[in-house]
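Here is a short report on selected residues and a surface feature. Please keep the model open while reading.

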Amino acid sequence: MNIDQATLRKLVTTDLMETLIQLGLIAFLVIMCVRVFLPFSGLVILAMILAIALYPLYMRMLRWFGGRRGLTATVLVLALLLLLGIPLVLLGGAVAIQLGDLHTAVENHTLAVPAPNPKIAEWPLVGQPLYAAWSEAASNLPAFLKGNLDLIREYSRKALALAGGGAAAALLFFAAIAVAGVMMAYAKKGGRAIERIVVRLTDPERGPRLVQLSVATVRSVATGVVGVAFIQAMLLGMAFLLAGIPAAGVLALLVMFLGILQLPALIIALPAVIYLWVADDEMSTLLKVVFTVVFVLAGAVDNVLKPLLLGRGVDAPMLVILIGAIGGMASAGITGLFIGAVLLAVGYTLFVDWVDEDEQAATATPPGDPS
């Protein structure tokens with residue numbers, strides 16, 4: 001059957017317009033869905049990471065509660081909020097108060113470095129140089145502040161904003177724990193749905209393997225790297241707070257950051273021990289000995305926790321985790337330390353698996369092999 005040119009042009013134009021309208025409606029729907037979901041994206045991603053990391057513990061508790069998934073999730077969430085909520089609130093409040101006091105001192109021109117204890121000069125080898133440097137810093141600080149007042153005010157405002165961001169991050173973390181409990185209670189249905197989506201995007205052979213690889217990487221990094229750093233920061237932070245170490249909350253944040261970078265927490269713990277013995281306070285010698293032992297043990301606890309929590313080795317290099325932690329913190333605040341490190345490690349692992357898959361296929365089928 002012959003179709004004239006005008007009819008053919010009309011058919012093509014109609015089909016093209018319908019296709020463009022459909023694509024436009026789909027794009028509009030996707031954009032609106034993303035805009036609606038975007039404010040909750042950080043909460044959902046963090047909750048998913050926590051759910052994957054805590055799921056083995058949830059399955060163990062499920063047997064204790066006779067298979068009642070809702071009750072198990074509720075008990076686990078309440079236990080986590082109790083165990084982690086109190087230290088987070090105390091340390092977060094300490095950070096906010098300390099950074100707020102710093103901002104107030106800068107604005108009121110009362111910021112000062114306390115004079116060193118004369119006993120420091122009696123230390124062997126390092127006593128005299130340390131005492132001289134400390135005394136010079138204490139005496140020259142007013143002149144330095146006067147010459148750089150605008151710069152210091154800017155940084156103090158940033159520190160105050162960081163304190164507010166820390167409080168928001170703590171609330172987000174608590175909400176993520178609750179959402180993670182719901183995810184764990186419906187983990188079977190959710191896991192099957194995610195696997196179906198991945199299979200639909202790839203194929204029935206690669207889909208389940210990619211899901212398993214992603215879950216294993218998230219669990220390994222979230223527990224063996226970020227989790228250990230978080231636990232160590234909580235232990236040392238609470239010990240610093242009880243011992244009266246200045247800026248205990250800020251030091252705890254530094255411990256967590258160093259832990260994610262795979263650096264020893266003793267970098268922070270040992271100077272705290274020195275301050276504990278140098279400080280001219282009314283603390284008894286027995287308490288100082290006890291806190292010294294606690295600082296050293298908490299600073300070295302990662303050597304025990306990592307073999308227990310890693311399970312399998314972290315496939316992503318530490319440089320990838322470092323970039324993810326720094327980039328995540330720059331873009332999403334304190335919670336970005338968790339999310340950035342885990343997401344970049346998962347992306348790197350999946351990319352390497354994709355590259356290795358092509359190499360394995362090329363090795364399995366030699367050139368010229370008719371099979």
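The notes below cover a surface patch and three residues.

## Model

The structure is a predicted model.

## Nonpolar patch and V30

A nonpolar patch of about 980 Å² lies on the surface. Its members are L16, M17, L20, I21, L23, L25, I26, V30, V34 and L38.

One of these residues, V30, sits in helix α1, which covers residues 5–64. The relative accessible area of V30 is 48%. Patch residues need over 30% relative accessible area, so V30 clears that cut-off with its 48%. The value is still not over 50%, the mark for exposed, so V30 counts as partly exposed.

## T72 in helix α2

Is T72 buried or exposed? T72 has a relative accessible area of 0%. Buried means under 20%, so T72 is buried.

Helix α2 spans residues 69–107 and holds T72. Leaving aside residues up to four places away in sequence, T72 touches Y58, M61, L62 and F65.

## P208 in helix α6

P208 belongs to helix α6, residues 206–243. The relative accessibility of P208 is 22%. Buried requires under 20%, so P208 counts as partly exposed at 22%.

Which residues does P208 touch, not counting residues up to four places away in sequence? They are E195, V199 and D203. I194 offers a further reference point: the C-alpha atoms of P208 and I194 are separated by 9.5 Å. Along the chain, the two residues are 14 residues apart.

Notes: Residues numbered from 1 in each chain as written. Predicted model: local features only at pLDDT ≥ 70, side-chain atom pairs only at ≥ 80, totals over all residues. Heavy atoms only, no water. Patch = residues over 30% accessible without salt bridge, like charges linked within 9 Å, V, L, I, M, F, W, Y side chains within 5 Å. Areas by Shrake-Rupley, 256 points an atom, 1.4 Å probe, with all protein chains shown as cover. Salt bridge = Lys/Arg side-chain N within 4 Å of Asp/Glu carboxyl O. Helix = DSSP H or I, 4+ residues; strand = E, 2+ residues; numbered from the N terminus. Buried < 20%, exposed > 50% of the residue type's maximum accessible area, 1.4 Å probe, protein only. Contact = heavy atoms within 4.5 Å.
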